[in-house]
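Colleague: I am new to this structure and would like some help reading it. Could you take me through a few features?

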Amino acid sequence: MAKGEIVLGALAPHPPHVVYAENPEQNEPVSEGGWETLRWGYHRLARKLETIDYDVMVVFTPHWQTYVGTHFLGLPRFSSKSVDPVFPNIFRYTYDLSVDVDLSEAMCEAASEAGLITRMMRNPDFRVDYGTITSCHMLNPRWDKPIITISSNRNTHYYSPEVMIEQALALGGACRKAIENSGKRVVLVSSHSLSHRHFVTESPLPEDMSREHIYNHSQYVWDMAIIDLFRKGKMKEAIEIMPEFTEQTIAETEGGGLVWMMGAMGMPEYPAEIYGYQSVIGTGNCIAAWVPQPEKREIVL
Amino acid sequence: MEDEIIEFGLYVPPPPHPLLSPDANDGYARLRQAFDTCRERIENSGADIIIVYSTTWPSIIGHQFQANPNSEWVHVDDDFHYLGSMPYSFTMDSDFAAACVEKAEGRGLQARTVNYDAFPIDTGSITALSLLNPDNRIPSTIVSSNMYANRSETIVLGKAIRDALASGGRKAVVVVVSSLSNRMFTEPIEPSEDRIHSQKDDDWNRKILEFFEDGRLEDLSQLSREIHGQIRVQKVVAYKPAWWMASTMGQHNNYHGEVLAYEALNGSGGAVIQLTPSSGSMGDKEFDEDDVEYYHGDRNVLDKGGL
């Protein structure tokens, strides 16, 4: 069996607004569009993924929050309706997705061997979180590949960003080991925003783009500083300043997704592909991709 | 207290163990028994609405009120999915939820009703309503906990709900769904090994319970920031349940307090407490922060330059 590999890692923010703006048949609410900079970036990355051979998409989501260890989806199929508890007016999405249980179990076991607390989630009534669904829909709207969702253990809340980084790196390393042993080709997805301060009011028409902007300039400056490190391939430095970035911008990096992905990918020293940056209800969202194979890399933006 | 719009208030814990695994240890069973006692008291009360404030339903866009008259689904907890599924069918009072929104907006708050099929009602609300009002004898509504709200916004929210109760001539039981100390064990434990996560958390919990037993709800409200710093994992900006409960119940210290149970739930402090308005208790209150009638939003202090 050939050695498995990570063929792409994507930072894929999940504001449900982008799915709402797409008007897919799975989502009940109907929009007039909006957030095109992000959506068009997603379209381009989705087209690139169609040119890459991969077997499974592994998603780390901050909207499956667990306090007792890290959990992995553990049944072959989940089918239900996802309603966003925060933005139910724009996201009520019917899904039917498949899970690569073998790889999920292998990652869970590898993480456990690495000293992390883990658990498989095998309750058939479990609803997959809207973060997973949003990122996966935007990256692969045909849903023709199995996925795996990994929960976000809330180490930042319970301990500190430093503890979160240490454990997320260990989790990433364990996942990489399981992927290599599986012989599969895997896309990793870190599903979250960068700066994450929301407006607490909403315009009557959520997609009214005349009302959309970053919450404040500080958030923007921090986001740009991090993205600059992405562009320069300085991911070790990005992870090193992650505690301060997270604290200063209430960043959704607190969940550990980006750190997990960088841990799995060996802390890339090559430039990330940037597909777009835009605010959604005040938060800062960047779509970026890290591609290990040099011949597959490109300059996008 | 015939003119009191609040029959009584309950403070109950959000974890699903008293609902899904009450026999797993003696403490869970005592919590379940306390829930059952409260259920009987609600049935025998004159309440015609149950208002639930849940710390496990976070909101961002202002304050959300559950308004689906037939709210049904099967919920599974993110952490404790292995304990089983939580099917629910709740009767929400759409008109009262709408009245709360109107009164909240009248006091400067952003608010909206939520009425969607398959809306994910949270673990804490499901546990509370399933145990306290299993047959939907009394309609209810659930109020979200805005993750950015601080004291003034939460105090005004409680007052808006009182406005809605008064204008509708309603009598309510209010239910706060919140742990005391909320630090859980981060490794799996056997139910038989469950205990409060640390002695420090237990000490603080017991001091808070003394205040509850003395009916000193307003004093607890004023201690909220201290409680948040001492025994709350910093997931949100503040410990809001005492603010909301005190404001909704009238901002005083005149209650008959009863702690029906206090037990560990995977390390967190779970208590079932009843506060009933009375004519005498610890008496005078002392406000050390402004009382707030109307929410003016951000004060934009940064835009005012060097004053």
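**Reading helix α9 and the chain contacts**

Modeller: Gladly! This is a predicted model. Let us start with the cover over one helix: the buried residues of α9(A) are covered by parts of chain A that include α5, α6 (161-182), α7 (217-232), α8 (235-240) and α10 (257-264).

Colleague: Which residues of helix α9 in chain A are buried?

Modeller: A residue counts as buried if 20 or more other C-beta atoms lie within 10 Å of its own. In α9, which spans residues 242-249 of chain A, that holds for M242(A), F245(A), T246(A) and T249(A). Looking down the axis of α9(A), you find these buried residues within an arc of 95°, so they line one face of the helix.

Colleague: And what phi does I250(A) take, just after α9(A)?

Modeller: I250(A) has a positive phi there, of about 50°.

Colleague: Let us turn to the two chains. How many residues of each are in contact?

Modeller: The contact joins 23 residues of chain A to 28 residues of chain B. On the chain A side, β2 (56-66), β4 (77-83) and α5 (155-158) each give at least two residues, and β2(A) has the largest share, with three residues. By type, that side of chain A has twelve nonpolar, six polar and five charged residues.

Colleague: Last one: why does Q33(B) count as partly exposed?

Modeller: Partly exposed lies between the cut-offs of 12 or fewer and 20 or more neighbours. Q33(B) has 15 C-beta neighbours inside 10 Å, so it counts as partly exposed. You will find Q33(B) in helix α2 (residues 26-43) of chain B.

Terms used: Residues are numbered from 1 along each chain as its sequence is written. Chains are lettered from A and ligands numbered from 1 in the order in which they are written. This is a predicted model: local features need pLDDT of at least 70, side-chain atom pairs count only at pLDDT 80 or more; totals for chains, interfaces and linings use all residues. Two residues are in contact if their C-beta atoms, placed from the backbone, lie within 7 Å. Helices (H or I, at least four residues) and strands (E, at least two) are DSSP runs, numbered from the N terminus. Ala, Val, Leu, Ile, Met, Phe, Trp, Tyr, Cys and Pro count as nonpolar, Asp, Glu, Lys and Arg as charged, and the others, Gly among them, as polar. The arc is that of the directions from the helix axis to the C-beta atoms.
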